Amino acid sequence: MSDLMKLTLAGARDALRAGETTAVELAEVSLAAVAASKPLNSFVHDTSEIARSQAKAADARIHAGDAPDMCGLPIGMKDLFCTKGVATQAASAILDGFKPQYESTVSQKLFDAGAVMVGKLNMDEFAMGSSNETSVYGDAVNPWKVDERVLTPGGSSGGSAAAVAAETCLAATGTDTGGSIRQPAAFTGITGIKPTYGRCSRWGIVAFASSLDQAGPITKDVRDAAIMLEAMSGFDAKDSTSMNLPVPNFEAALTGDIRGKTIGIPKEYRVDGMPDALETLWSEGRQMLRDAGAVVKDISLPHTKYALPAYYVIAPAEASSNLARYDGVRFGHRAKLEAGDGITEMYEKTRAEGFGPEVQRRVMVGTYVLSAGFYDAYYNRARRVRALIKKDFDDVFAAGVDAILTPSTPSAAFGLGEMANANPVQMYLFDVFTVTVNLAGLPGISVPAGLDSQGLPLGLQLIGRPWEEGDLLNTAFTLEQALGFNAKPNQWWR
Amino acid sequence: MSIDTKTAGRVAKLARIKVEEADLPALAQEFTNILGFIEQLNEVDVDGVEPMTSVTPQRLYRRSDAVTAGDQQAAVLANAPDAREGFFAVPMVVE
């Protein structure tokens, strides 16, 4: 029975339609796998009752012949998505006890499509982190294990990646502000796509940095990414940055034909200390795309080096503004006050108790770069550099490049706790290949490419033109077929 | 740029986060590290470049100025740490 969890979304969809299994059976198998995965600490809020009732409804729809692609498929939901009546904490103590009175647009779209939510997933606090170590729920754990070390699944969507790689659910939602879908997907040997900014509604997703945040799926393969992204996408009047464009049939774009496409290889993405295995996989990826009929050429994205420093001005600045709402008045935690404490003490104590160290750090850095006297020197300068980073991409796309191939991360997953004594900036460097894509608002996908010398997965990233996720997914599909990555972690946690 | 403890304390105050005196030197050091990293941006020639506000060149659309939802007092107050008589309750603000 547990073999059902080995299915992809597409495989389970087809099995459901053929009457080989039921949504109820899939949900039960998934819930059992979730219960058996406690050592991974990937699931943090139980939604089994909801899952059982959604599965029953899905079976009725399938029986009636009214079954969209996602109907009856068990998925996990990142704790950043507001789910009506279900604890939603963004992995922060400050949202302790918060139960939204409304449903996020993306989770609602998935439910409308018949998806079954088997639980809420661990993440970095407010999606601020690259290792899932800033979570109030404790670390999520990577299902991949090659020695005595316990590894990070990456972050911030660490619980989502761990759950899908461990095959406890068939797919999961993620969000990506600087690489939070693509980096954990790469660290756990699975697939993750961040669509073009504006493709998925941000309404009801706890905000981190509004000009960068995008939702997307974390899945086992590219076909599943296409299926689930389509269900999550679409215009929403409740998000003023959501784009009013039709959502194409992404799965239909997966033809495997990329003849005549031009793939750019940016020289700035070759960094010191990159493992040999990653270098090798990157050049193999290039050759595979060439063998598939694409034209592969070297390109330059000259402002790449400045993406991380620009990001670490813009994201904290937006976070300091977005997180101002956590004041102990309308929702979540309020500090116990002493006699004589006024409203300012209430704010200050509530926020000191409720926010973890990394969130406090970023809120304060954001406050600093937006403060009088520094606004131009830091914030406006970063926004100008951001414009140049976007122009780098605009220029190569205008010169005929269809997609850009890079590594997803500079290395494989590291051990939990290994970065504990590192300067925060060292942790930020894990986002070096992904963050440019958020700054430019582009779609980017990570596909598993191979294993490093320790036996840990590495990913390759493809970056596409805005609004051309279908074309990007097709290139990723072609690369995936050529790479043939099929390694899975041993289920040591069971 | 090096951030001193006084500036760190001022930023904490502006951010409405209580930081103990004893923790300010470490915080100042962290700010100094992060701002040192950010200062690479000074190498970039940004003359004549407009600061980016949105990655997608689109005008924010407008909706008609009409009531879309309302009468949800209970839902609005449902998550409040302290709600009384249909209001959010806070410590005294004005004497």
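**Figure 1. Contact between helices α9 and α12 of chain A in the predicted model.** From α9(A), the residues Ala307(A), Ala310(A), Val313(A), Ile314(A) and Ala317(A) meet a set in α12(A) made up of Tyr378(A), Tyr379(A), Ala382(A), Arg383(A), Val385(A), Arg386(A) and Ile389(A). By residue class, this contact comprises ten nonpolar and two charged residues, with no polar ones.

**Figure 2. Crossing geometry of α9(A) and α12(A).** Helix α9 covers residues 307-322 of chain A, and helix α12 covers residues 375-398 of chain A. Their axes come within 9 Å and cross at roughly 125°. Angles over 145 degrees would count as roughly antiparallel and those from 65 to 115 as roughly perpendicular; α9(A) is therefore oblique to α12(A). The handedness of the crossing of α9(A) and α12(A) is left-handed.

**Figure 3. The open, eleven-stranded sheet of chain A.** Across the sheet, the strands of chain A follow the order β1-β3-β2-β4-β6-β5-β10-β11-β9-β7-β8, and their pairing is mixed. The edges are occupied by β1 (43-46) and β8 (295-299) of chain A; each has a single partner strand, so one side of each is left without a neighbour in the sheet. On average, and with direction ignored, neighbouring strands of this sheet are turned by 30° against each other.

**Figure 4. Pairing of strands β4 and β6 within the sheet of chain A.** Strand β4 of chain A (residues 171-176) and strand β6 of chain A (residues 214-219) are joined in the antiparallel sense by five bridges. In this pair of strands, Pro217(A) of β6(A) is the residue opposite Thr173(A).

**Figure 5. Chain A as the setting for the preceding views.** The secondary structure of chain A consists of 15 helices and eleven strands. The C-alpha trace of chain A extends over about 70 × 55 × 50 Å along its principal axes. For chain A, with 494 residues, the radius of gyration is 21 Å, which agrees with the value near 23 Å for a compact globule.

**Figure 6. The side of chain B that touches chain A.** Here 37 residues of chain B are in contact with 56 residues of chain A. On the chain B side, the elements that give two or more residues are α1 (5-14) and α2 (24-38) of chain B. Of the elements on this side, α2(B) gives the most, with six residues. The residues that chain B places against chain A divide into 26 nonpolar, five polar and six charged.

Technical notes. Residues numbered from 1 in each chain as written. Chains lettered and ligands numbered in written order. Predicted model: local features only at pLDDT ≥ 70, side-chain atom pairs only at ≥ 80, totals over all residues. Pairing = 2+ DSSP bridges. Helix = DSSP H or I, 4+ residues; strand = E, 2+ residues; numbered from the N terminus. Axes fitted to C-alpha atoms, helices over the stretch in contact; angles between N-to-C directions. Parallel < 35°, antiparallel > 145°, perpendicular 65-115°, else oblique. Left-handed = near helix turned anticlockwise from the far one by under 90°. Contact = placed C-beta atoms within 7 Å. Nonpolar A, V, L, I, M, F, W, Y, C, P; charged D, E, K, R; others polar. Rg over C-alpha atoms; globule rule 2.2 N^0.38 Å.
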